[in-house]
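User: Please take a close look at the surroundings of the ligand. Then follow the elements that build them outward into the rest of the chain.

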Amino acid sequence: MGKKSVMVCICIKLLMLLKIRHKYLITAAALKVDFYKNACPQLHEIVQKVVATEFQLDPTSPGPQLRLFFHDCFVGGCDASVLLNSTDVNQAEKDAAVNFSLGSFFVIDEIKQQLEQECPGVVSCADVLALVAVYSVKQAGGPLYEIDLGRRDGLTSYAASSETFLPAFSLNVSGLLEDFHVVGLNLLDLVVLSGAHTIGQAHCNSIVDRLYPQVDPQYPKYYSKQLVANCTDNGYFKLPNYDNNTQFFNDPITPTRFDNQYFKNLEANLGLFTSDESLFNDERTRKLVETYASNQDAFFKQFGISLRRMGKIGVLTGTQGQIRNQCWVRNSHNVDPALDPASLDFVS
Ligand code: HEM
């Protein structure tokens with residue numbers, strides 16, 4: 001990356017930092033756990049049932065469902081911007097290269113459709129993402145966390161923002177911390193939320209930095225052999241057109257169970273990404289990894305706290321934004337292009 005683009009990147013991050021901090025401070029207090037108690041009492045049951053049905057069909061479904069919430073919140077706040085479709089004149093977040101493997105959009109749509117039948121125009125897509133995340137954790141064997149609700153849906157979504165704000169798999173603790181600080185999260189949040197990688201799957205290109213041009217010697221031999229076998233073709237790395245379809249479990253020991261195995265894996269050098277293993281390699285984070293590896297209750301407790309904190313990043317409340325009718329496109333009726341020129345990009 002040239003000097004100029006680094007500067008542009010830093011400027012965008014600083015601007016977003018100010019914007020997010022401002023929103024974070026003034027609005028997060030308006031969220032509450034029982035926000036829809038009267039307006040949509042069926043909400044929890046609908047979400048729980050759809051998540052459970054998906055799980056019956058596919059035990060790996062909680063992974064992409066949980067990840068969606070993270071990818072939404074880190075990019076301009078938890079406002080369901082990750083769900084908006086691109087238009088002729090705008091490339092939205094979901095089409096950013098970094099989001100190439102995001103999935104489960106259909107689960108959100110299914111839930112939203114049922115909600116619109118039971119309590120039309122009431123529940124935001126941003127809150128559906130939050131609830132799907134907590135019910136996915138529960139479905140995978142973790143605790144059922146309380147999560148604050150009352151978010152509203154944003155009006156814009158830009159692929160470039162995802163590239164800027166989502167932490168890269170190749171980062172070490174210092175780089176990861178920078179990205180977490182930008183959204184108001186800290187070192188503890190970083191370690192414990194990375195524990196989400198106790199479920200879910202990944203592709204070859206997310207470990208390319210550890211396999212190419214040479215295999216990272218920190219992987220145990222038997223493990224790197226498997227990874228290399230899957231990511232190479234006749235002995236050659238599938239680069240630059242490596243195979244996006246090959247998938248690995250983030251946690252090779254208990255791949256579909258939400259537990260503290262992720263941290264035990266880091267101790268055994270089985271962290272899949274550079275970002276994972278760096279948590280064990282760095283003095284600043286190693287103690288926390290060891291704590292969670294030996295104490296699942298401590299992991300469960302802090303994960304709930306940090307997930308709730310993540311869920312408050314840059315939220316819209318009150319009369320801000322809108323409640324979308326459909327999660328992939330914003331309602332154009334209450335958007336004034338004169339006040340919000342970017343809105344023209346999103347008229348369906
Ligand atoms: C700390 C910084 C993080 C980095 C660098 C990171 C990176 C990644 C990457 C590269 C993948 C695999 C993508 C692919 O190859 O398809 C992935 C998957 C996943 N991530 Fe993260 N992640 C981070 C934090 C988080 C957080 C905070 C959560 C949720 C709270 C999360 C939840 C997940 C889940 C559940 C999957 C599996 C998705 C699936 O099964 O499709 N990640 N992450």
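Analyst: The answer starts at the ligand and works outward.

First, the ground rules. Residue numbers start from 1 along each chain, in the order in which its sequence is written. This is a predicted model, so local features need pLDDT of at least 70 and side-chain atom pairs count only at pLDDT 80 or more, while totals for chains, interfaces and linings use all residues.

The shell around the ligand holds 25 residues. A residue belongs if its C-beta atom, placed from the backbone, lies within 6 Å of the molecule. Gly63, Ser101, Ala196, Gly200 and Ser206 are the closest. By type, the shell has 13 nonpolar residues, 11 polar and one charged. Here Ala, Val, Leu, Ile, Met, Phe, Trp, Tyr, Cys and Pro count as nonpolar, Asp, Glu, Lys and Arg as charged, and the others, Gly among them, as polar.

Where does the ligand lie relative to domain 1 and domain 2? It lies between them, because domain 1 (3-166 + 311-346) and domain 2 (173-308) both give residues to its shell. These bounds come from an automatic or database domain assignment.

Three elements each supply at least two shell residues: helix H3 (62-73), helix H8 (187-194) and strand E1 (201-203). H3 gives the largest share, with five. Helices (H or I, at least four residues) and strands (E, at least two) are DSSP runs, numbered from the N terminus. The protein chain has 14 helices and four strands.

Take H3 next. Its axis comes within 8 Å of that of helix H5 (residues 125-139), and the two cross at roughly 145 degrees. Axes are lines fitted to C-alpha atoms, for helices over the stretch in contact, and angles run from 0 to 180 degrees between N-to-C directions. The crossing is left-handed. That label applies if the near helix is turned anticlockwise from the far one by less than a right angle; clockwise gives right-handed. H3 brings Pro62, Gln65, Leu66, Leu68, Phe69 and Asp72 to the contact, and H5 brings Leu129, Ala130, Val132, Ala133, Ser136, Val137 and Gln139. Nine of these residues are nonpolar, three polar and one charged. Two residues count as in contact if their C-beta atoms, placed from the backbone, lie within 7 Å.

H5 also packs on helix H4 (residues 105-118), at about 115 degrees and with the axes 10 Å apart. This crossing is right-handed. Val107, Ile108, Ile111 and Lys112 of H4 meet Cys125, Val128, Leu129 and Val132 of H5. The split is seven nonpolar, no polar and one charged.

Now the loop between H3 and H4. Ala80 sits in it, and so does Ser104. Ala80 has a positive phi near 60 degrees without being a glycine. Ser104, again not a glycine, has a positive phi of about 70 degrees. Ala80 counts as buried because it has 31 C-beta neighbours inside 10 Å. Ser104 also counts as buried, with 22. The cut-offs: buried means 20 or more other C-beta atoms within 10 Å of a residue's own, exposed 12 or fewer, partly exposed in between, with C-beta atoms placed from the backbone.

Turn to H8. Its buried residues are Asp189, Leu190, Val191, Val192 and Ser194. They pack against helix H7 (173-182), helix H12 (274-281), helix H13 (283-294) and helix H14 (296-310).

Leu279 shows the H12 side. It is buried, because 25 other C-beta atoms lie within 10 Å. Leaving out neighbours within four places in sequence, Leu279 contacts Val173, Val191, Ser194, Leu266, Thr285 and Val289. The C-alpha atoms of Leu279 and Leu190 are 9.0 Å apart, across 89 residues of chain.

Asn172 lies in the loop between helix H6 (159-165) and H7. With 14 C-beta neighbours inside 10 Å, Asn172 is partly exposed. Beyond residues up to four places away in sequence, it touches Thr274, Ser278 and Asp282. Glu277 is 105 residues from Asn172 in sequence, yet 8.5 Å away, C-alpha to C-alpha.

One backbone detail remains. Tyr212 and Pro213 are joined by a cis peptide bond, with omega about 5 degrees. Pro213 is in the loop between helix H9 (208-211) and helix H10 (221-231).

Last, the whole chain. Of its 348 residues, 43% are buried. Among contacts with a separation of 6 or more, 77% join residues 24 or more positions apart.
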